[in-house]
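Reader: Could you walk me through this structure and show me how each label is earned?
Author: Gladly! Let's look at it together.

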Amino acid sequence: LNCFSVAFGGKIQAFMSSIKFMILFLLGIGTFLLSKTGTMTHFNETIQTTEVVGISAFGTAILAALWAYDGWNNLTMVAGEIQNPKRNVPLSLMIGMVCVLGLYALVNLAFFYALTTTEIVTSNSNLYPDAQPVATKAAMTFLG
């Protein structure tokens, strides 16, 4: 679509990004406001385990979250095509990071609000490949 024009491609990208943002935002807000199983006591739950988790397990767990922040490095490559790049590049980096961080925090807090710790731990993973993903479980608490 960028072959038609850069402006057209930018509008398509902005439209698709806003759809993704709205879906995640509505998932988070919907889970907080409409979840039938949501309670603040889920934040206090702990799971008893004797398994020691090393730094490699932590790195693996955090890797997916870091991919969400990958877009910032591509923005600086197009600074020559941006009007007033001294102002707009840092501004877009800051606004984008705040939006991604806020949305990521909202959705994760909503998951822990709606689901017990056991439900989250037993979601789709290498240990539970047939289980539903966390987002699906959380959405089911208010969408049925």
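**Labels and the values behind them**

Author: Let's begin with helix α4 (residues 85-114), which has 30 residues and reaches 42 Å from its first C-alpha to its last, close to the 44 Å expected at 1.5 Å a residue. Keep in mind that this is a predicted model.

Reader: Which residues of α4 are buried?
Author: They are Val89, Leu103, Leu106, Val107, Ala110, Phe111, Tyr113 and Ala114. To earn that word, a residue must have under 20% relative accessible area.

Reader: What makes Phe32 count as partly exposed?
Author: Its relative accessibility is 26%. Buried would need under 20% and exposed over 50%, so Phe32 falls in between and counts as partly exposed.

Reader: Where is Phe32 found, and with which residues is Phe32 in contact, leaving aside its neighbours within four places in sequence?
Author: Phe32 is found in helix α1. Setting those neighbours aside, Phe32 is in contact with Leu106, Leu109, Ala110 and Tyr113. The word contact is used here for heavy atoms within 4.5 Å. Among these partners, Leu106, Ala110 and Tyr113 are on the list of buried residues of α4.

Reader: How far apart are the C-alpha atoms of Phe32 and Phe112?
Author: They are separated by 9.9 Å, although the two residues are 80 residues apart along the chain.

Reader: Why is Met16 called partly exposed?
Author: Met16, which lies in helix α1 (residues 6-34), has 46% relative accessibility. Exposed would need over 50% and buried under 20%, so Met16 counts as partly exposed.

Reader: What makes Met16 eligible for a nonpolar patch on the surface?
Author: A patch residue needs over 30% relative accessible area, and Met16 has 46%. Met16 forms the patch together with Phe15, Ile19 and Ile23, with about 400 Å² of accessible area together.

Reader: How do you know that the span of helix α2 agrees with what is expected?
Author: Helix α2 (residues 55-67) has 13 residues, which should span 18 Å at 1.5 Å a residue. Its end C-alpha atoms are 18 Å apart, so the two values agree. Even so, α2 bends by about 30 degrees at Ala61.

Reader: Why is α2 described as hardly covered?
Author: Look at the count of buried residues: among its 13 residues it is one. Buried means under 20% relative accessible area, so by that cut-off α2 is hardly covered.

Reader: And what about the whole protein?
Author: There are six helices and zero strands. Buried residues make up 19% of the 144 residues.

Note on methods: Residues are numbered from 1 along each chain as its sequence is written. This is a predicted model: local features need pLDDT of at least 70, side-chain atom pairs count only at pLDDT 80 or more; totals for chains, interfaces and linings use all residues. Side-chain values use heavy atoms; hydrogens and water are left out. Helices (H or I, at least four residues) and strands (E, at least two) are DSSP runs, numbered from the N terminus. Buried means under 20% relative accessible area, exposed over 50%, partly exposed in between (1.4 Å probe, protein chains only). The expected span of a helix is 1.5 Å times one less than its number of residues. The bend at a residue is the angle between axes fitted to the seven residues ending there and the seven starting there. Patches are made of residues with over 30% relative accessible area and no salt bridge: like charges are joined within 9 Å, nonpolar side chains (Val, Leu, Ile, Met, Phe, Trp, Tyr) within 5 Å. Accessible areas come from the Shrake-Rupley method with a 1.4 Å probe; for residues, only the protein chains shown count as cover. A salt bridge is a side-chain nitrogen of Lys or Arg within 4 Å of a carboxyl oxygen of Asp or Glu.
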